[in-house]
Amino acid sequence: MNPQEPQSPGYTLRTHRPGDIGWIIHRHAALYEKEQGWGTKMEALVCKVGAEFLDNYDESTDRCWIAERNDEFLGCIVLIRDREAVNTAKLRLLLVEPSARGLGLGRALIEQCTRFSREAGYVRIRLWTQNVLVSARRLYAKEGYRLVSSEKHGIFGEGHVGECWELVLYISSPLFTFTVGAEKKEITVHSSAFASLSPSLDALMNGEMIEAKTRHVDWSEVDVDTFARLCEFAYCRNYTPPSFRLIDGKPPCLNINCEESMPEYPPEAEEDEKPEYPPEAPPEPTHWYGHTWAVPPGAPDPEIPYKERSMWTQQLRSGFAKSLVLQSLQSDDMDHTFTPPQNTGSWEDFAPVFLGQAQLYVLADKYGIEPLRRLILSKLYQTLETFKLYDTGVGGIIEFVRFVYLNTPPNYNGKVDAMRNLAARYVVSVLGQIGENECFRELLEEGGPFVADFWHIVWGGDH
């Protein structure tokens, strides 16, 4: 909102300026001593809250509003990010001067916090108050807050009861229906959970378009699985990647590192029991990284070896470095609890893992959901970084690259889309493994933007 915007004929709201927090501390201490007799204990508590706000202030997540009338202080409220809970804000320091009571100012200040929290992407707001502050409790209840716990304390003296209240933002918002997938499945969600993801979705659901008025939109071009992951992100600010599938005709080797997984051969027959037909030929040896051994039936396939054609191709392996792929990502964009899925053999098809997340990226990019877009890049990078490339996996990588280049924005002013950059750099890094693969050669023969980006990375030397 603007720093100063008319809210009522009786007052205006503005954001804080230097000196305001000190005045807020003064008015809390003086007013609560007069009305409740809480003395310097209240002043000390408010000092801590004010210092926390100023020390950690971030205008994208924190805000203080001052209510004025002809430059006279009428009231205030503070909203700060809860640094101990994900996507949670804390409402603090609500105060309305006695001269301003009856104007609806308290409710306006609380509503201002709710609006800002939705815009900032918070999922919930929490606050701590006292059971004796009846008027404030009534205002919180009207806004949709619910009492979640209460406990006796002695901060202001004996006999006080502190209360924790919480407002879950999306639960209190209107419902909105999406029709998704070829089967036209209707899925109803809380509008604020989605509207808070981006300005585009906010306009779609709360603006002047017909969809906002009918509370319905047709997204039949978005498959159900992709929409389900978007829902997970809207409500939880995270998503679960798709799972791999088994390749037909490639039974998994259940314990590839254990001798018990090797087939048993029958004991050699006695001389007089040997059959007259000649023995079977020994299994063909397998070569991998300079080693040779015989592969018995049922043993796992080895990874595709990386062939070093020259020192130059060896350097290409570093083209998938994190600093080159995730250039604009910050620590907050990462899911630090994420453990990338790892393939264990040639019988696992990871194409759904890559394609499912690429489809979610395309949807996030279309509607400007930047946090989701960055999270997908982070998870895909971590998955590809540990991905073991078998012959059966090359087709899935090529399919992923094709999808990315068919569905992401073209290069503009020399800037490559982040997902295209990730896909092209991964291919460059495994060139020594797939350079002779027929699927890869067909991809090169198709030409187009991928080949241009691929060659720019190879020739540009930024690896």
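Which residue in strand 10 is the bridge partner of Thr 179? Keep that in mind as you open the viewer, and remember that this is a predicted model.

**Stop 1: a sheet of three strands**

Start by selecting strand 9, residues 175-180, together with strand 10, residues 185-190. These two run antiparallel, and 6 bridges join them. Now click on Thr 179: its bridge partner in strand 10 is Glu 186. Move along to Thr 177, and you will find that Thr 188 is its partner in strand 10. In general, strands of a sheet pair through backbone hydrogen bonds, and they can do so in a parallel or an antiparallel way.

Next, look at the turn of this hairpin, where 4 residues sit between strand 9 and strand 10. Select Gly 181 there, which takes a positive phi near 80°.

Add strand 11, residues 216-219, to your selection. You now have the whole open sheet, with 3 strands in the order 10-9-11 and mixed pairing. Strand 10 and strand 11 are the edge strands, each pairing on one side only. Turn the view to see how neighbouring strands of this sheet are turned against each other, by 25° on average, direction ignored.

What packs on this sheet? Select residues 224-236 to see helix 8, which touches strand 9, strand 10 and strand 11. The direction of helix 8 makes about 5° with that of strand 10.

**Stop 2: an open pocket**

Now go to the second largest pocket, with a volume of about 780 Å³. To find its centre, select Tyr 32, Leu 94, Leu 95, Leu 133 and Ala 136, the lining residues that lie nearest to it. The full lining has 36 residues.

Colour the elements that give two or more residues to this lining; among them are helix 1 (20-35), helix 2 (39-55) and helix 3 (105-120). Strand 5 (88-96) also belongs to that group, and with 6 residues it gives the most to the lining. If you colour the lining by class, you will get 24 nonpolar, 8 polar and 4 charged residues.

**Stop 3: two closed cavities**

How can empty space be found inside a model? Rolling a probe the size of a water molecule over the atoms shows where such space is left. Here the count comes to 2 cavities of 30 Å³ or more.

The largest cavity has a volume of about 60 Å³. Select Glu 348, Phe 350, Phe 387, Thr 392 and Gly 393, the closest to its centre of the 15 residues that line it. Strand 15 (348-349), helix 11 (351-366) and helix 13 (394-407) each supply at least two residues of this lining. By class, the lining has 6 nonpolar, 6 polar and 3 charged residues.

For the second largest cavity, the volume is about 50 Å³. Its lining includes Arg 118, Tyr 122, Leu 169, Ser 192 and Arg 237. The residues of this lining divide into 6 nonpolar, 2 polar and 2 charged.

**Stop 4: one glutamine**

Finish at Gln 433, which lies in helix 15, residues 431-434. Is Gln 433 buried or exposed? Gln 433 counts as buried because its relative accessibility is 16%, and buried means under 20%. Show its surroundings: leaving out residues up to four places away in sequence, Gln 433 touches Glu 303, Ile 304, Pro 305, Tyr 306 and Leu 389.

Methods
Residues are numbered from 1 along each chain as its sequence is written. This is a predicted model: local features need pLDDT of at least 70, side-chain atom pairs count only at pLDDT 80 or more; totals for chains, interfaces and linings use all residues. Side-chain values use heavy atoms; hydrogens and water are left out. Two strands pair if DSSP finds at least two bridges between them. Axes are lines fitted to C-alpha atoms, for helices over the stretch in contact, and angles run from 0 to 180 degrees between N-to-C directions. Contact means heavy atoms within 4.5 Å. Buried means under 20% relative accessible area, exposed over 50%, partly exposed in between (1.4 Å probe, protein chains only). On a 1 Å grid over the protein atoms alone, a cavity is a set of points where a 1.4 Å probe fits but cannot get out, and a pocket is an open set with protein on both sides within 12 Å along at least five of seven lines; lining residues have an atom within 4 Å of a point. Grid points are joined across faces, edges and corners, and a volume is the space filled by probe spheres set on the points. Ala, Val, Leu, Ile, Met, Phe, Trp, Tyr, Cys and Pro count as nonpolar, Asp, Glu, Lys and Arg as charged, and the others, Gly among them, as polar.
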